[in-house]
Amino acid sequence: MTTRKLLVFKHASALGNVSSQQLFDRISVKINDKHKAEGLPPRKFGDYDICFSDEPLPQGIEMLERR
């Protein structure tokens, strides 16, 4: 197993601006439609879609994406 993507939430405050749960709820991982239509179990990273909420992040929060 290998890491493919790292999502970092940067807070303006050292104690955090919002709870981690509120931030993690903005991320969803699902099997992509093409792979699901084939009826096969997912076997690789490309078989998944990683989606982010369209809602703006709370004030003082920045999301950094690393690959």
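What does the protein average in pLDDT, the predictor's confidence in each residue, from 0 to 100? The average is 90, and 99% of the residues score at least 70. This is a predicted model, where local features need pLDDT of at least 70, side-chain atom pairs count only at pLDDT 80 or more, and totals for chains, interfaces and linings use all residues. Residues are numbered from 1 along each chain as its sequence is written, and side-chain values use heavy atoms, with hydrogens and water left out.

**Confidence**
- Among the elements, helix α1 (residues 20–24) has the highest mean pLDDT, 94, and helix α2 (residues 33–38) the lowest, 85.
- Helices (H or I, at least four residues) and strands (E, at least two) are DSSP runs, numbered from the N terminus.

**The aromatic pair**
- You'll find one aromatic pair here (ring centres within 6.5 Å).
- The rings of F9 and F24 have centres 6.1 Å apart and planes at 70 degrees, so they meet edge-to-face (planes over 60 degrees apart).
- F9 sits in strand β1 and F24 in helix α1, so the pair ties together parts 15 residues apart in sequence.
- F9 is buried (under 20% relative accessible area), at 14%.

**Around L7**
- L7 belongs to strand β1 (residues 6–11).
- Beyond its neighbours within four places in sequence, L7 is in contact (heavy atoms within 4.5 Å) with I27, F52, L64 and E65.
- From L7 to K36 it's 29 residues in sequence and 25 Å in space, C-alpha to C-alpha.

**Y48**
- Y48 is part of strand β3 (residues 48–52).
- With 35% relative accessibility, Y48 counts as partly exposed (between 20% and 50%).

Terms used. Buried means under 20% relative accessible area, exposed over 50%, partly exposed in between (1.4 Å probe, protein chains only). Rings of Phe, Tyr and Trp (its six-membered ring) pair if their centres lie within 6.5 Å; planes under 30 degrees apart count as stacked, over 60 as edge-to-face and the rest as tilted.
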